[in-house]
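Have the viewer open and the selection box ready. We will walk through the fold stop by stop, picking a few elements at a time.

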Amino acid sequence: GEEAVWKAGLRDVDAEEKTITNSIVNHVQTSLARQAYNLDNLGAYQAVALSVRDDLIINWNETQLTYSRKAPKRAYYLSLEFLMGRSLDNSILNLGLKDKYAGGVDKLGFNLEDLLDQERDAALGNGGLGRLAACLLDSSSTQELPVWGYGLRYKYGIFKQLISPEGQQLEAPDPWLDHQNPWELPRLDVIYDVRFYGEAKRSSDGSGRAEWSGGQEVVAQAYDVPIPGYHTKNTNNLRLWESKPKSGFDLNSFNAGNYEGAIESSNSAAAITSVLYPNDNTSFGKELRLKQQYFWTAASLADIMRRFKNQDKPISAFPEFIAVQLNDTHPTLAIPELMRILIDEEDQTWDKAWDIVTNTFFYTNHTVLPEALEKWPVPLLQHVLPRHMQIIFDINLFFMGQVEKKFPGDRERLARMSLIEEGSPQQVRMAHLACIGSRRVNGVAELHSDLVKTTILKDFVEFYGISRFGNVTNGITPRRWLDQCNPTLSALISSTLKIPKEVWLKDLPKLEGLLAHVDDPELAKTWAEIKQANKERLAHWVQVNLGLKINTNVMYDIQIKRLHEYKRQTLNILGVIHRYLQLKALTPEERKKTNRKAVFFAGKAAPGYYIAKLTIRLIVNVARIINADKDTNEFLSLYFLPDYSVSLAEVLIPSSDISQHISTAGTEASGTSNMKFCLNGGLLLGTVDGANIEIAEEVGESNVFFFGHLTPDVEDLRYQHQYHAIPIEEKCPALANVLNAVSGGLFGDGGVYEPLLNTIRQGDHYLLTDDFDSYIQALAMVDVAYLDQKEWIKKSIRTTAKMGKFSTDRAIQDYAQEYWNIESAKVE
Ligand code: 26V
């Protein structure tokens with residue numbers, strides 16, 4: 001707009017709005033050094049973000065002051081991944097300033113929604129594990145608990161996914177910091193040296209100490225990200241470390257004319273935090289990944305130790321003031337690192353050090369898949385972290401002694417429980433180290449926690465007793481995953497419950513009050529209208545971003561998650577093909593009686609995961625064929641939405657009628673998007689796995705669609721596949737028919753898909769041939785149920801009503817009380 005219009009617009013704003021517009025304009029002129037009247041949306045977004053940041057910093061400061069003054073026991077959440085997504089909308093909602101900012105931005109001639117869209121996702125995570133960390137942080141501030149997160153400030157987050165015309169996934173870097181990041185505060189003074197390589201010499205004085213010297217030293221520098229709570233001043237901290245060379249570059253080499261050598265060491269320091277590893281559920285023993293893990297745990301523990309020492313307490317009091325949660329085994333080096341600090345630097349005896357360590361750490365397991373359990377080769381550890389390898393061997397020696405005492409002569413048990421797996425090379429089993437070095441261990445849903453106790457850590461339950469092992473079922477933050485992504489539904493819930501959202505968003509079981517209104521036709525009508533509007537919002541997104549037109553008057557069926565064989569996107573796409581073949585066989589009259597639907601997929605495959613990439617390729621090519629088929633496309637359409645992200649999830653989830661969570665029983669530890677869909681009134685089609693089970697317990701089996709074999713059958717079925725395989729034509733003709741259609745070239749060159757199809761024909765580790773028929777039946781039941789819209793809406797309302805358990809507010813309180821023993825510290 002013109003300058004005159006701009007100034008005129010500023011006349012009639014209320015006081016708080018005025019403060020906001022002033023602050024935005026100030027940031028435009030000073031922080032951005034630009035003119036307010038010819039600003040683009042990106043500049044306006046930056047100015048608004050800086051203005052919001054001012055509020056966050058004030059609350060952050062008061063929070064840290066309160067924590068210092070009250071000196072409560074604190075908890076630290078160590079996670080290599082924090083999948084934060086965007087921050088602006090979440091910040092103004094949590095601060096209770098959304099309306100004011102919308103008004104202020106409007107007065108300045110901009111549209112808040114457009115500005116929110118300028119923000120890049122902070123995508124420092126792969127999937128569920130990283131997003132869980134982000135939700136738990138939101139809840140820790142909201143619950144006023146003294147919790148900090150520690151992670152790495154990757155220069156590049158999870159790769160950007162492109163899909164080639166042939167349906168190939170291509171990866172591009174994610175330079176998310178290119179537009180400066182207003183949500184972080186660099187702390188030039190919070191720095192620590194971190195050593196790699198070198199030599200560890202044990203002292204000869206019998207103290208057990210050692211001296212670790214030489215090698216490479218790099219610097220860890222902190223960046224702080226404020227985490228606002230919902231309608232509270234409490235604003236916790238996420239501290240992310242960046243690696244830097246210790247001293248610019250090596251002047252000796254430089255002066256000697258070795259220019260490349262001089263910058264090489266600085267490059268190798270910077271490399272440590274350059275990129276997030278894009279593997280989800282598979283571990284490769286890569287040196288750079290090991291360096292990331294140590295760099296981050298060493299910096300975080302040094303920081304925690306410095307804060308503790310400021311309190312002037314004896315070192316033995318460490319566990320009375322500090323709890324450290326290990327998010328999966330990725331930070332397990334913290335265990336030998338704290339031993340090293342206590343023994344080599346703080347003069348503690350081995351026994352005292354071990355006592356402190358095992359009262360400080362807690363370990364959460366997030367998967368029982370064998371390929372995801374981390375193991376580090378002993379020679380690599382010896383090379384990169386010689387002192388830690390000594391300590392791990394020592395821990396093992398003591399531990400093996402204890403096991404031998406309890407189970408004398410049980411050699412096999414010793415071999416199973418050892419921290420060291422024999423072989424060439426020997427490998428360190430990180431889950432064992434995390435288990436014996438922690439106070440307590442937990443899984444992330446009831447079934448998964450049971451599996452942890454009966455499979456991968458069975459021997460440890462027998463050794464320590466059951467009370468060391470627990471469960472904390474995952475959750476999600478209802479602020480982002482309902483109020484922020486589905487504001488109209490949030491408003492409808494508030495008016496129906498006659499409870500302001502500020503209350504029920506912090507006390508999610510209050511949703512149960514919706515049950516009293518399930519039969520209210522007015523509510524049902526508005527409920528359905530909101531779902532419809534959310535479908536239109538998604539259709540609009542697809543139109544703008546992909547140039548495709550989607551029918552909004554059909555059922556929306558969605559599966560969005562990382563591509564993995566165990567999650568069985570392949571089962572879903574083969575089901576779609578089955579439906580397509582059936583539709584083709586019907587007469588036009590018969591087709592008109594069927595349930596119409598659009599099927600959506602989104603998700604990334606690890607760059608080296610060939611079979612997962614082939615599944616994407618199949619989905620894309622099936623979509624190409626069936627969306628172009630005039631006989632059927634009115635009844636069935638299919639979309640693969642590229643570059644799945646937190647922000648895209650926020651558009652997809654509120655639009656779903658049904659979502660699919662169809663992992664082979666016993667493989668999905670919990671799942672969290674299942675909770676997000678259900679909270680938004682989408683129904684669930686799933687296997688009896690992970691948190692699906694607890695969702696069904698809450699909403700009642702009649703409100704979910706379950707299918708497939710159960711966990712106890714899986715082992716047997718796999719044995720059958722190995723030793724008594726039945727040809728697929730005999731066992732599951734419907735599936736054989738679908739595979740033949742693909743092989744036969746119905747979706748382009750069938751040969752391309754042979755390796756994928758062969759995983760099913762041979763071995764079928766994820767039991768598609770066992771579950772396909774019951775999957776198709778379940779889909780048919782969904783169709784029947786959806787045709788009765790009245791009853792469907794009731795199921796939808798009931799589902800939302802019963803999601804109270806799945807707030808991370810509940811989960812974080814569970815950790816606080818049953819694990820960390822911390823209490824809230826409210827900022828007045
Ligand atoms: C493992 C590895 C191995 C080394 C390379 C990088 C990497 C990255 C992540 C992982 C962790 C895999 C475990 C995981 O993500 N589990 C998921 O955790 C969610 C939150 O608890 C849960 O909802 C999902 O069911 C579970 O698959």
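Start by selecting strand E20 (residues 597-602) together with E21: the two pair in the parallel sense over five bridges. Strands count as paired if DSSP finds at least two bridges between them; helices (H or I, at least four residues) and strands (E, at least two) are DSSP runs, numbered from the N terminus. Show Lys597 and look across to Leu636 in E21, which stands opposite. Now add helix H26 (residues 610-627): the chain crosses from E20 through this helix to E21, and the β-α-β crossover is right-handed. That is, with the strands pointing away from you, the path from the first strand over the helix to the second runs clockwise.

Stay on E21 (residues 636-640) for a moment. Four of its five residues are buried, so this strand is largely enclosed by the rest of the structure. Here a residue is buried if 20 or more other C-beta atoms lie within 10 Å of its own, exposed if 12 or fewer, and partly exposed in between, with C-beta atoms placed from the backbone.

A word on what you are looking at: this is a predicted model, where local features need pLDDT of at least 70, side-chain atom pairs count only at pLDDT 80 or more, and totals for chains, interfaces and linings use all residues. Residues are numbered from 1 along each chain as its sequence is written.

Next, select the open sheet of nine strands, in the order E7-E10-E11-E4-E1-E12-E13-E17-E18, with mixed pairing. Its edge strands are E7 (185-196) and E18 (469-471), each pairing on one side only. Within the sheet, pick E13 (residues 361-364) and E17 (residues 440-443), which pair in the parallel sense over three bridges. Thr364 stands opposite Asn442 in E17.

Then colour helix H15 (residues 386-406) and find Arg387 in it. Is Arg387 buried or exposed? It is buried, because 23 other C-beta atoms lie within 10 Å. Beyond its neighbours within four places in sequence, Arg387 is in contact (C-beta atoms, placed from the backbone, within 7 Å) with Ala200, Ala210, Trp212 and Arg340. Phe196 is 191 residues away in sequence, yet 9.9 Å away in space, C-alpha to C-alpha.

Last stop: the ligand. Select the 23 residues that surround it (C-beta atom, placed from the backbone, within 6 Å); the closest are Gly128, Leu129, His366, Ala669 and Ser670.

Note on methods. Contact = placed C-beta atoms within 7 Å.
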